[in-house]
Amino acid sequence: MGQEDARVRALLKEAVALHQGGKLIDAAARYRHVLDIAPRQFDALHLLGVIQRQQGEAQDAVRLIETALAIDPGQATAHCNLGAAFQDLGRSGEALASYDTALGLNPGYALAWSNRGNALRKLGRLPEAVDSYERALSLRPSYPEAWCNRAIALLELGEAQAALESCEQALRQKPVYPEAACVRANALFQLRAFDAALRAYDDAIGADPDAPEAHTGRGLTLLKLERPLAALACFDAALRLRPGHAASHQQRGDALLALHRREEAIAAYEQARALAEDTGGIDFALAALGVGAAPKQAPAGYVKALFDGYAGHFERHLTGVLGYRTPALVDAAIRRHVQAAGLATVDLGCGTGLCGPFLRPNARHLTGVDLSGNMLAQARATGLYDELACADIGAFLAARPRSFDLAVAADVLVYFGDLDALFAQVRGALRPGGWFCFSTEAGAEGAVPEYVLQPSNRYAHSMAYLRRLALGHGFRLVEAEAAVVRSENGSEVAGHLLLMRAA
């Protein structure tokens, strides 16, 4: 037995040295030799599992590490490595449980805290992810990977300035770090510092020319800088590196559309549709170009992604660039006809809260509803709302029968084509005598009977359709006016402003 133990120790020592030297095949052979002699040897099972993960065999890694932990469940490092293997398999919930077990055994384990942040980020629990990265950094301030991953989570929360600072910490500690360089560029893009973002993407590509994300980000930046031909070259470069990537085909279509190469754009969108798991946004883009039937409303995922990315500069862009005036028009209509104060008011699609200052003075209770969590974070910061809900408008209204005196939808119905169900939901959520005030973009009267999806990816509605809906859902039309709701590309966008009252 003593000779066998000595042989196992010697093989294990050789295996670990080979493993640390990056000679994975030779190391794995030594670990397997150990297991031939001692099938329940913890270190050989665990470390062979680590090699399997390093070689892309995550399922085998899980099996081996779980076998090791059945022998000795008190090893924090093994639980952390098991979590990483689960993460590779997309099993983020099980990964999180493994990291939590590791931290229960060793609360000072910085790697487990950082990896836990990765699992939480994949689960969409972004504030918790940021907290987990910060726990890792409190234990190991010089931890560039945790700084970079913290930046990614902050970007997803719409906190681009904090993300930029986090990336810069990562790059100070690890100057050649292509992923952090790309995330830094993404942060600058979100901050709309497009010239700086372009330079940052160039830096990221210089550090790793084979990173498709950097080419994609560079292309998106060039689109913002109105250089679609150069953007097209970037998307082509990304697709050479990742040919089956649906989003890159869709972005290529966006560049072609900006170049007025409509048929090529359609072909690119159709390629994207053939590759995508969720085709709702692509179908919507094609329908806006007249290919396929227009859906009854914009896909929720499309709207959420649009406004999550828009949150940081939404108000500045609308008011400064688009000449957005709908909240003031809505306020004027309400003031002309609604004399009551102390209203229970709901701001549908409230966004960052542009209507809040107009609605707050006469509201006893002001509720905002929006699909975009990033937009709601901006609305929350105004302090104007008593309640904010991240929810689909229709589902929210259906759950609040006879709850409101006033419902407002400023520049929201442009993402709905068929308004029949929404009118029913608004009517059900209003108390008797309640008010509904909203704007739409104007369809060509006489040319469309109800609504049309425009190339802008926004719906326009005919006044005849809106009047018919009001009558059909028990509303009395109080005011229906033509209005200029905003400007786009130097042209005024015609719309309608309506105020109606529930019978």
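**Note on the predicted model: pockets, cavity and strands**

1. The largest share of the lining of the second largest pocket comes from helix 22, which supplies four residues. The model is a predicted one. Helix 22 covers residues 373-382, and this helix comes up again below in connection with the strands.

2. The volume of the second largest pocket is about 240 Å³. Its lining holds 13 residues, and those closest to the centre are Leu126, Glu156, Leu157, Gly373 and Asn374. Two elements, helix 8 (126-139) and helix 22, give two or more residues each to this lining. By residue class, the lining of the second largest pocket divides into five nonpolar, five polar and three charged residues.

3. Helix 22 also belongs to a β-α-β unit. Strand 2, helix 22 and strand 3 make up this unit, and it is right-handed. Strand 2 and strand 3 (residues 387-390) run parallel and are joined by four bridges. Within this pairing, Thr367 stands opposite Glu387 of strand 3.

4. Strand 2 has a further partner. Strand 1 (residues 343-348) runs parallel to strand 2, and six bridges join the two. One pair to look for in the structure is Leu348 with Val369, its bridge partner in strand 2.

5. Is strand 2 enclosed by the rest of the structure, or open? Strand 2 spans residues 363-370, and six of its eight residues are buried, so this strand is largely enclosed by the rest of the structure. Buried here means a relative accessible area under 20%. A general point helps when viewing any of these strands: in a regular strand the side chains alternate between the two faces of the sheet.

6. Strand 1 leads to the cavity. The count of cavities of 30 Å³ or more comes to one, and about 100 Å³ of space lies in the largest cavity. Helix 20 (326-337), strand 1 and helix 21 (356-359) each supply at least two residues of its lining. Helix 20 gives the most, with three residues.

7. Which residues line the largest cavity? They are Asp331, Ile334, Arg335, Val338, Ala340, Leu343, Thr345, Phe358, Leu359, Asn362 and Leu406. This lining divides into seven nonpolar, two polar and two charged residues.

8. Some annotation can be set beside the model. An unreviewed UniProt entry places the feature "domain: Methyltransferase type" at residues 346-438. In the model, this span is 32% helix and 32% strand, and its end C-alpha atoms lie 12 Å apart.

9. The unreviewed UniProt entry also places the feature "repeat: TPR" at residues 42-75, 76-109, 110-143 and 144-177. For two of these spans the shape of the chain can be stated. Residues 42-75 are 79% helix and 0% strand, with the end C-alpha atoms 10 Å apart. Residues 110-143 are 79% helix and 0% strand, and here the end C-alpha atoms are 9 Å apart.

10. Last, the overall picture. The protein has 25 helices and nine strands. Its C-alpha trace spans about 95 × 50 × 40 Å along the principal axes. Of its 503 residues, 49% count as buried.

Note on methods: Residues numbered from 1 in each chain as written. Predicted model: local features only at pLDDT ≥ 70, side-chain atom pairs only at ≥ 80, totals over all residues. Heavy atoms only, no water. UniProt positions renumbered as here; feature names shortened; annotations may be inferred. Buried < 20%, exposed > 50% of the residue type's maximum accessible area, 1.4 Å probe, protein only. Pairing = 2+ DSSP bridges. Right-handed = clockwise from strand over helix to strand, strands pointing away. 1 Å grid on protein atoms, 1.4 Å probe; cavity = no way out; pocket = protein on both sides within 12 Å on 5 of 7 lines; lining within 4 Å. Points joined across faces, edges and corners; volume = space filled by probe spheres on them. Nonpolar A, V, L, I, M, F, W, Y, C, P; charged D, E, K, R; others polar.
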